[in-house]
Structure formats: structure tokens, C-alpha cells
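I opened this notebook to keep track of what I looked up, beginning with how the chains meet and ending with pairs of charged side chains.

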Amino acid sequence: MNVALFVTCLADHYFADSAADAVRLLRHLGCTVTFPDAQTCCGQPAYNAGRNPEAVRMARHTIEVFEGADAVIVPSGSCATMVKKFYPRLVGEATALADRTWELGEFIVHRLGVTALGDGLAGRRVAIHQGCHALRELRLESEPEVLLEGAGAEVVPWEADDECCGFGGLFSVKMSAVSAAMADRKLDTLPPVDWVVSGDGGCVLHLKGRSRARRLGIEFVHLATALWRGVAGDGGTTARKLAAPLAQPAAAPAARDR
Amino acid sequence: MSTARAGSRERILSRVARATAGRERTLHPGCLGTPVAADPVAEFVKRFTGQGGEVVEGEGTQSAAVWLTGFLRGLDKEVTGVAVGADVPAELRPQLPVVAAAHAGAGISVAWAAVAETGSLILPSTGTRAVQLLPPVHIVWVPEGRVFARLEEALRELPDELPATVGLHSAPSKSADIGQTVVTGVHGPGRCIAVLA
Amino acid sequence: MRTRINEYTARATQAIRSEPEVRESVTGATLAFDRKRRDAYTEVDADEWRRWAEAVKNHTLTHLDDYLTQAEERLEANGVQVHWAADAAEARDIVTTIADDGLVATAVKGKSMLTEEIDLNPALEAVGIEVLETDLGEYILQLLGEPPSHILGPAIHKSLQQVRDLFADRLGSAPDGDPDALAEAARHVLRDAFIHADMGITGGNFLVAETGTVALIENEGNIRLTTSLPRVHVALVGIEKLLPRMTDLAGFLQLTARAATGQPIGCFVSLIQGPATQPGDDGPEEVHVVLVDNGRTDVLAHPHAWEALRCLRCGACLNACPVYRQTGGHAYGYVYSGPIGSVLDPGLLGLHEAMPLPFASSLCGACFDACPVRIPIPELLLEWRREAQDQGLTPWKERAALAGLASVATRPGLYKLAGRIGARLGGTGAARALPMLGEWARERALPKPSRRTFRELWREGIE
């Protein structure tokens, strides 16, 4: 199957290795991945701020870039929501792209019908932070859990697992203290785990930034990387690449041992 | 009699009409179909007790007054004076001195009906409100065959000439306003006992 | 009511940093309410109930003038005196005049957000009437001189110890009293007030047009007492509170209770038709209904925000809201706080007056899932944000940054260049100088960009 990767601006610049893992994962699952080079930002920052004219311009650009792709895979629940749910509110011609666009985990479970990825995560205790757009707009409630368990991980219940982390894009800048308090609620209720896994880079930047500022030593891993590790195991190139941008100074022991 | 200050009534109504003028006028969806309990009496007991009410079953009206007298005397805090609603028939009045509601140990009422799905007693204001509200214990007779499965049926069956107020009592008085801890008997009765005939 | 909405960001920040006990009380209480709400929704076909309620309210709001006149007619036939108040001043004036005509010296009140909205208590006190709040939470706040912080649990931001100290000081109760003893102390004062009050004042959860019935939901019994013992009862009802039929109440009474507290129905419901005239009824001689607009017709006229008028004031969206949970209601600076406040206040008060509330949300959507009448709160927040942008009510730096983003994002070459520069500057601290990121960095470590962008990795080949 031919798929086009919409990497999203955050993953392009902050989770490049995880985006690469998404490519590896998709190829492993039999997809031919293309990367339309003219892609930029989905426009959600403008849309959420109420700047519709700018959001429309960015939406039109993205629609043009992905014209002709059979399926567009987005390693971000929030950006996938922008394309699938919010583009059609902004521009009439967006429906075709919306119908062909998938969040990464959603694509693997519902389009490819795959839930067993390997056992590379055996022995890992993980907690899932599912971004609010994935959870309440796309209604992707169980997909990451199914996939992580399908890769051998133990998914640990988290009291605040369906609560917003407080990122909200511009919100975390405008109402920084409230946003940080929301992150604290998430971090303070986190059970002991090796990783917090999330398919949303924005949430991770915010939670990780707060965790680092408080020196909590929590390790955050993007869903794409976690799933690729499930397939490829923890050794080799993946682990080396992970060590650079994502590892935390005080990673949980189970993660360090590997 | 209405007061309409400086034409406020007309102003509000015309603003409402203007505000909705261009809007699609949608239809009323009809009734909400809530589930019908197979055994309304059992459902009432479950709901009413689930909310903190108490139920006494099977006390027919035959010796009701005698039973009630004994029941009131047997309560933790023995009742010596009662307040009785104006619509309570003689055979349902306990053999105890009748006192003003504010000083009574218990209030005795007759419900118009009960509702299973919400565990509610329907009390018309002709049954004397002070009796329903002031004593610490409220005892309510529910006449036989007067348990509706659904609230909607009960409301539909209310008499055309409605009493000034209809009260639905579904539990003792409760509040969680102090430290989020539930306390009972804050303002109204701390115990509400439904007696099913 | 004078608002302090414009101070939201500063007051929220202040509350979080210096009043951790408020955050703790509010978080605990709202999470408990929200859990009960979820369980109560699961027990029934909540999706169908909510769609039904939405449809009934939409029908009512699109036929509102008809239902208002029908309700007026029925109320008058029942012997109720109907008053129309275009704004808060008129509403206050109507109530003080009723009190004056009825030689009222003392009044007891049931919890009503509308009376907070129109600042009724100070107006009554100004003409020499003693007013006592009888809802336990409202009573606590009245003693403290504070406004409510939650629609349903006005004092949820107060801990048991704070109430203990207050009652020990003001009511002479034991300094280590448990909640039962504290409630008993309040009951003692309030029971006396009920018996002696001349006037009872309440809001109204619903007003049924076909019967002229004011429906009131509560758990304490104070509203039943307020509407039963004094000789005059005044109910202040927002014009959006209409329902067409008596049988509609069956669904709405149950849905409101499930949404608010997870109960199947409120412990007490009063269905009030009018003054007591029948034998055996010891209720009020006079009943007045004041129909209040005070900005509601402005909301109704708004092409999108009118949907917020479906609101039942159940507080479910507050309980579900992770933003509200950090501060409670006071930071919002107005009686309607939390998600519903953030979409209703701009309509009631004007957008300028309600800034920055449309932005006080992460748009997480939990409020919509909780709302019993399916008010599309996240979409309405976005709508108000768009209007704020159109009216130039947002900071110019923000507007410039977003316009800049759009310019870059529609020019792929420029976008790539900017990305590479960002990657090189990342971690050097230069990012801290970017507009608005300074505040972000006060609470968080700044993110480190990947050493090479994905685009670069892709070009090199991913194995």
C-alpha cells in the first residue's frame, strides 16, 4: 500500500527520529512510504487562535500537497484531527483528504488490521497519554493500548489518563501557570512506569518540559518509536537514536538496563 | 396582574422574536423513552433506599394506626407528638398527640403516588407543607397500586387542577457543602420512611 | 454584577501559586462529582437522553416568544403575578418593590445563580431587608462575604477546617466539630429564619409553559422551605428556562440530576403552580415570577452562541474541566465560570468585557462529553476567539506571530530554511527570546530540537 507521511512541524523538528521510526514501522507493515517535500504546518496554531484566514491558507496548501496520495499518515492525533475534522469546517474541498487521512495508530489498527507487532516491549511498563483530540475528536480510545500490549508492553492504569495535560498550543503560552498546573496533575498521579507513551508531540514537549523543570526524571517516548521498538527490539540503531533526544538523565531503571 | 416596567414585556418579546426570526424552527422530539421496570414496586424500593430513604412494606391499612403508633414509639428517638397532613384519613393517623409541625417528632403524610425509576414520593401541598418538611422524621403512606414505573407517566396522570405545589421527595435532606462530606437532615427531614400499603 | 473577568490570567496564576489548598479542594470535589456523573450516564442511554434534551431545548428556544406568552397566561390563571425585567436593574427594582408592597422585613433565599448575576442581595439590604442565604454552601459564603465558586457546590473551594473555623467564630460551634455538628449549628440559625421570614426568594430550574409550573431541584430541602413557609414567594427565572410540557420535566429532572451529581433525581423537587388557595395548604399567599432577560436575548440573537442558552446550570462542564479544576470559579471573575462561563459570558456581557475567557481553555473537549444538552462548547470557544481576532482584542505580538507562521507555512522553501535555523539555534537559549516563549519557559524546560530535522533524515535515507 502506498502511503504519504504528513510528518507535522513538531515531529519534523522535535521528534525527527520518531518520525523516522514511523517510516520504518510502516515499511515493516508492507507500506511504501512517500514524503511530499512541500508539506509544512497543518495550520492548527492559527485555527485554535481564531485566525481562520491564515488557517485556511495553510489548509489549502496542505490539501494541494497531499493531492493524489492514497492514504496520508500523521504521527500526531492533534494534527490528524485538524485535517480530518477541522479542515472540512474551513474549506469545502477538504473532505476528500479528510477521508484519506489517518492517525498512525488508527491506521495500523483499523486500516491495516494489525494489532500484534512483536514482543520487543516485553517487560516494559508503560503509561499512555492519549492527546485530547485523538481521544475526544477522533474517539481513538483503545488503539494505543491495543498496539502497545500487542508489542508486549504492560500498560499501567493511570488515574488521570484521559485528562488533558494542559498543552493546548497557544493556551500553554497564554495561560502558562494554569497549563503547568494541569501538567502537574498528570505528572503527580503518574504510576511508576518505564515510559510515558504518547502519539502527540505537543503534549510530550509540554509534559516533558514540565517534568524536566521539576527534575522528575520521567521518560517520554513517542508512540511511533515505542511501536518500532516493539517490532525491532531495543537493540541496534533504534536504541542508539533514541538515546540522544529522548532519554532522561534519571531514567527509570528498567529503561536504563537495556 | 402583571407589571411591565417601561414596556419591558413587549421589548423582551420583540427582541426574542427578532433574535429567532431567521432561524430554523425545529420540532419537539416527543417523549423520552426511559426503561420500564418489570416490577415497579421493587424498583421503587431499590431507588428510594439507594438514595437513603427507608421503606416499610406490607402494612395494610387495616390496623395501620396501631402499627404506626408502635413504630413511632419504637424509633431510636421515641416520638411522642406528631404532625399530620390535612389530607391524611383518620385510619392512618397514629394514636399520639398532634402537635405543631415545628415541634413534632414525626410528620405523617399520604403520597399521591410513588415513582419507581427515580424512587420518588409525590406529595401535594394540600397535605400541609410544614408536616412534610419540618419534623426530623417524615413518614409517608403510599396507597396500594399507586407506584408508577416512570416519572413521565406520573406527571401525565397528575390531576388537571394541580395543587399549588407538588413536591417530589426522593431521599432525606442531604448536603455535601461542608468539606464535601455528606450530612443528612440539614434543613428538611433527616429520615424519610415510605410505607407501602 | 461588576466583573473581574479581564483579570483572569493574573488571578488564576495568583491562585495557583499562592492558594494550593483551593486547587486541592476544587480538584477533589470536581473529580468526585465527575466520576458520579460518568457512572450515572453509563446507567442509562445517556447519548439518547442528551440528544433528546438538546432537541427539546432547541425547539423551545426557536419558539421562545410563543412559550413565554403561554407561560405568562398560565401563571396568571394560577394566580401568580408575572413581571418582566429587561436588565439587572429592573429585576432588582421589581423584587424590592414586591418586598416593599408586602411589608417584608426578612427574606430567605434558595441558591440561585441569577440572583448573583443581578446582585440582588445588596439591593435588598440597601432598602433595609435582612436576607439570609439558606443553601448551606451559600450560607457559608454569605458569612465570608465571598461569591460562589461553583454553580452547584458554591463553597467547594472551602475545606472542612475552614468551615470549622468560620462556624466556631460566627456561630459559636465547637472548634473541632464534625460536618454533622457544623450542619446542625447552621440548621439551628436557618430553621428559625425560615419560620420568621416574610419572603422566600428562589431561582427556577425550569418553567413549564403549558401549566405555568416553576420547577426547582435541590438536595437540602431549603428550597422547599423557602417556597413554603414565608407568605411571599418570588422566583426569578431566566427567559431561557422555558419547557413546553409538564411531561418534559420527567426527562429534564432526571438528566439534570445525573449530570450534576450522579443522582437519579434531586432529593427534593418543587413543582410550583401558584399561591396556596386549597384547604390544607399552608403555603405562600403571594407568588411572583420575574422573567429576566439581562443579556439573554443578545445571546439568543447570536448565530452560534445561542446554543449556550440550552444550559441547565448543572455544573457538569465545570466538574469535567481540567482548567477549572486548577483554580475554581473565583479566578474567572464572574458568576458563570468554567467552560459554560467562557462561552456564555461573552454573549451576556459583550466580548470585550469577557476577554480572555474564550482563550482560557485547552480545547480538550471534556466539557462537551459531560454536557447534558450537548452545547458545543469547544466550537463556541473557537467562534468567540475568531470574533476576538476580528475585533483586534488579542495581543498584536500574537497576531503577528500567527500571520508570520502562515506566511512561512505556505512557502515550503522558506519553511525548510526556518526549520534548519531553529534546529541550529535550539538549546542555545536563543529560543527563549522568541515572542511569548519566555512565559512558557518560566514553568518548563524548553524543548531541545532534533539535531537534524526529519526532512534531513529522509533525504539521507531511512533504513
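Before counting anything, I noted that a polar contact is a pair of N or O atoms within 3.5 Å, where within protein one must be able to donate a hydrogen and the other to accept it, and where residues adjacent in sequence count only if both atoms are side-chain atoms. I also wrote down that this is a predicted model.

**Entry: chain C against chain A**

With that rule I looked at the interface of chain C and chain A, and found 29 residue pairs in polar contact, both residues being at pLDDT 80 or more. I then asked which element gives the largest share of the side of chain C that touches chain A. This turned out to be helix H20 of chain C, residues 396-409, which contributes eight residues. Sorting the residues on this side of chain C by class, I got 31 nonpolar, 13 polar and 19 charged.

For the extent of the meeting, I recorded that 63 residues of chain C are in contact with 65 residues of chain A. The two chains bury about 5,800 Å² between them, and 60% of that area is on carbon and sulfur atoms. I noted that C:Arg444, C:Phe454 and C:Trp458 supply 12% of the area that chain C buries against chain A, which is more than any other three residues.

I turned next to the charged pairs here, and the rule finds nine salt bridges across the interface of chain C and chain A. I looked up A:Glu163, which forms a salt bridge with C:Arg325, and the closest N and O atoms of this pair are 3.6 Å apart. I also found a network of salt bridges that links A:Asp184, A:Asp188, A:Arg210 and A:Arg214 with C:Arg17 and C:Glu443.

**Entry: chain C against chain B**

On this side I counted 106 residues from chain C and 73 residues from chain B in the contact. Chain C and chain B bury about 7,200 Å² between them, with 58% of it on carbon and sulfur atoms. The count of salt bridges between chain C and chain B is eight. I looked up B:Arg25, which forms a salt bridge with C:Asp65, the closest N and O atoms being 3.8 Å apart. Across the interface of chain C and chain B I found 44 residue pairs in polar contact, again with both residues at pLDDT 80 or more. By class, the side of chain C that touches chain B has 52 nonpolar, 32 polar and 22 charged residues.

**Entry: chain A by itself**

I set the interfaces aside and recorded that the secondary structure of chain A comes to 15 helices and eight strands. The C-alpha atoms of chain A fill a box of roughly 50 × 45 × 30 Å along the principal axes. I checked the radius of gyration as well: chain A has 17 Å, and this agrees with the value near 18 Å that a compact globule of 258 residues would have. Of the 258 residues of chain A, 67% count as buried. Among the contacts in chain A with a separation of 6 or more, 79% join residues 24 or more positions apart.

**Entry: salt bridges within chains**

A search of the whole structure gave me 49 salt bridges over all chains. In chain A, I looked up A:Arg125 and A:Glu154, whose side chains meet in a salt bridge at 3.3 Å, N to O. What does this pair tie together? A:Arg125 lies in strand E5 (residues 125-129) of chain A and A:Glu154 in strand E6 (residues 154-155), so the pair ties together parts that are 29 residues apart in sequence.

In chain B, the side chains of B:Arg191 and B:Glu54 meet in a salt bridge at 2.5 Å, N to O. Because B:Arg191 lies in strand E12 (residues 191-196) of chain B and B:Glu54 in strand E2 (residues 54-57), this pair ties together parts that are 137 residues apart in sequence.

In chain C, I found C:Glu54 and C:Arg374 meeting in a salt bridge at 2.8 Å, N to O. This pair links distant parts of the chain, 320 residues apart, with C:Glu54 in helix H3 (residues 46-62) and C:Arg374 in the loop between helix H18 (366-370) and helix H19 (377-390).

Last, I asked whether the partners in the chain C pair are buried or exposed. C:Glu54 is buried, with a relative accessible area of 16%, and C:Arg374 counts as buried at 14% relative accessibility. By contrast, A:Arg125 counts as partly exposed at 29%, and A:Glu154 is partly exposed at 41%.

Methods:
Residues are numbered from 1 along each chain as its sequence is written. Chains are lettered from A and ligands numbered from 1 in the order in which they are written. This is a predicted model: local features need pLDDT of at least 70, side-chain atom pairs count only at pLDDT 80 or more; totals for chains, interfaces and linings use all residues. Side-chain values use heavy atoms; hydrogens and water are left out. Contact means heavy atoms within 4.5 Å. Buried area is the accessible area (1.4 Å probe) that two parts lose on being put together, summed over both. A salt bridge is a side-chain nitrogen of Lys or Arg within 4 Å of a carboxyl oxygen of Asp or Glu. Helices (H or I, at least four residues) and strands (E, at least two) are DSSP runs, numbered from the N terminus. Ala, Val, Leu, Ile, Met, Phe, Trp, Tyr, Cys and Pro count as nonpolar, Asp, Glu, Lys and Arg as charged, and the others, Gly among them, as polar. The radius of gyration is taken over C-alpha atoms; the globule rule is 2.2 Å times the number of residues to the power 0.38. Buried means under 20% relative accessible area, exposed over 50%, partly exposed in between (1.4 Å probe, protein chains only).
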